[in-house]
Amino acid sequence: MGKETGFLEVERKDRDYIVPEERLKSYREFTIPPSEDKLKSQASRCMNCGIPYCHNGCPVNNIIPDWNHLVYEGDWQNALDVLHSTNNFPEFTGRICPAPCEASCTLNITDEPVTIKSIEMAIIDRGWDEGWVKPQVPAVRSGKSVAVVGSGPAGLSCAQQLARAGHAVTVFEKSDRIGGLLRYGIPDFKMEKHLINRRAVQMEAEGVTFRSSTEVGVDVSIKSLKENFDAVVLAGGAETARPLEIPGAELSGVRLAMEFLTQQNKRNAGDDEVRAAPRGTLSAEGKHVVVLGGGDTGSDCVGTSNRQGAASVTQLEIMPKPPEHEDKALTWPDWPMKLRTTSSHEEGVERDWSVLTKRVVGEDGKVTGLECAHIEWKDGKFTEVEGSTFTLKADLILLAMGFLGPVKSGMLDQAGVELDGRGNVLGNTEDYKSSEENIFACGDMRRGQSLVVWAIREGRQAARSVDEALMGTTELPR
């Protein structure tokens, strides 16, 4: 694979980015595509491993060495075919996946993994530019129909696979546009939304019907879906946000991260303020912003706050600060717990770890600060460090502390499906069946809050299970 001595001759060089002071002026993507020669050179570093651990590191099991080799040889169209064989939407993962494949790369032992993510994005972007990505219309229709609830990455991948198997697929989405988390949770500067739109056009040509602004459990009942479709797939995501349970959390300046991010994405899409912010405009402009939660959603809030013109941005995490460098002997080829600094962090933020929030400080019903303290692990539990209390100035506090599972009221209550111990829809990864006949579940609604790439995997595998249940056999891949 690649050039046998490529990893010895070529240094790792990833994609470049527009400098922070320039990219903060817009919500556009800011990656600078590498040249074709540079991409070929980087692909040559794939070192023909005896065991390509990148396969296992990738949740969709991308055949990474094969398309690296094809890029090295300049065979881009075949590289696209190999990439699409395991991943319906590589333009999504090539932009927003944290690349566990690179963590598993053998060259990551020396901190120089192959630039897998950049090469993946280059392959699919070239595929669209060259007109190689076309609808795959089934030659024969099955006569079976499937309702997919939710148009996030799990729902979209499931729907596309089922349509290609010949089934009539209808995707129900409660929001006004399809895409779910991809559309309204991911900022445009990480992934522009025309990428979703063109996939929707492709899927419609393949036979998928989209019904947006239709909430299952409210606008249409589960009973109706069961009566009118041969199978139902629940792919609605994990939307119940973890609450902030401290005094003052009810003040108007304490808001959910997803509301904040959704508003800006709707503005970017051209919505007026009435449509973008039905509960009132939520803006960081001129404000001291505190983001609670150190994950990707918190990072997205940081980047969006800076673009809106925040006076200051502080990000707090309750867990201890991870090490800047992992112990390879203990972690490789598994995903390591280490300090990650995103492009949004590079644009300006103060970060702090081991922070317990104690009280939201307010005046006249408005947030003015956040009282905190540092904690440490002591005697088998987290304990507040004596004398460590401090108060941050804050006008806006954004809650990005993760999600507790799917919304229970409405659809899930009507479906009557069993839930697991964490409140997700109960279903295994063998057949993705719920406890109710002909109802399947996949993505975050089944596994809990996770990555887009895991959602794509689960959508694909659930589609295979549905196809097999409807037809008795299936040719869809896992």
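**Entry 1. The β12–β13 hairpin**

I began with strand β12 (residues 366–378) in this predicted model. I found that β12 runs antiparallel to strand β13 (residues 381–384) and is joined to β13 by four bridges. I then looked for the partner of W377 and found F382 of β13 opposite. The two strands form a hairpin, with two residues between them. In the turn I noted D379, whose phi is positive, at about 55°.

**Entry 2. The surroundings of A79**

I next asked whether A79 is buried or exposed. A79 has a relative accessible area of 0%, and the cut-off for buried is under 20%, so I recorded A79 as buried. This residue lies in helix α6 (residues 76–84). I set aside the neighbours within four places in sequence and listed the remaining contacts of A79: W67, L70, V71 and I123. I also checked I63, which is 16 residues from A79 in sequence; their C-alpha atoms are 9.9 Å apart.

**Entry 3. The packing of α5 on α6**

I turned to the pair formed by helix α5 (residues 64–72) and α6. Their axes come within 8 Å and cross at roughly 170°. Angles over 145 degrees count as roughly antiparallel, and I therefore entered α5 as roughly antiparallel to α6. I noted the crossing as left-handed. Which residues make the contact? From α5 I listed D66, W67, L70 and V71, and from α6 W76, N78, A79, V82 and L83. By class, I recorded seven nonpolar residues, one polar and one charged.

**Entry 4. The five-stranded sheet**

I then traced an open sheet of five strands and wrote down the order β7-β15-β8-β9-β10, with parallel pairing. The edge strands are β7 (254–256) and β10 (350–352), each of which pairs on one side only. From one strand to the next, the twist averages 20°.

Within this sheet I examined strand β8 (residues 288–292) and strand β9 (residues 312–316), which run parallel and are joined by five bridges. Opposite L292 I found L316 of β9.

**Entry 5. Helices on the sheet**

Last, I looked at which strands helix α14 (residues 257–268) touches. This helix packs on the sheet against β7 and β15 (396–399), and its direction makes about 70° with that of β7. I also followed helix α16 (residues 296–308), which lies across β8, β9 and β15. I recorded the direction of α16 as running at about 175° to β9.

Key
Residues numbered from 1 in each chain as written. Predicted model: local features only at pLDDT ≥ 70, side-chain atom pairs only at ≥ 80, totals over all residues. Heavy atoms only, no water. Pairing = 2+ DSSP bridges. Buried < 20%, exposed > 50% of the residue type's maximum accessible area, 1.4 Å probe, protein only. Contact = heavy atoms within 4.5 Å. Axes fitted to C-alpha atoms, helices over the stretch in contact; angles between N-to-C directions. Parallel < 35°, antiparallel > 145°, perpendicular 65-115°, else oblique. Left-handed = near helix turned anticlockwise from the far one by under 90°. Nonpolar A, V, L, I, M, F, W, Y, C, P; charged D, E, K, R; others polar.
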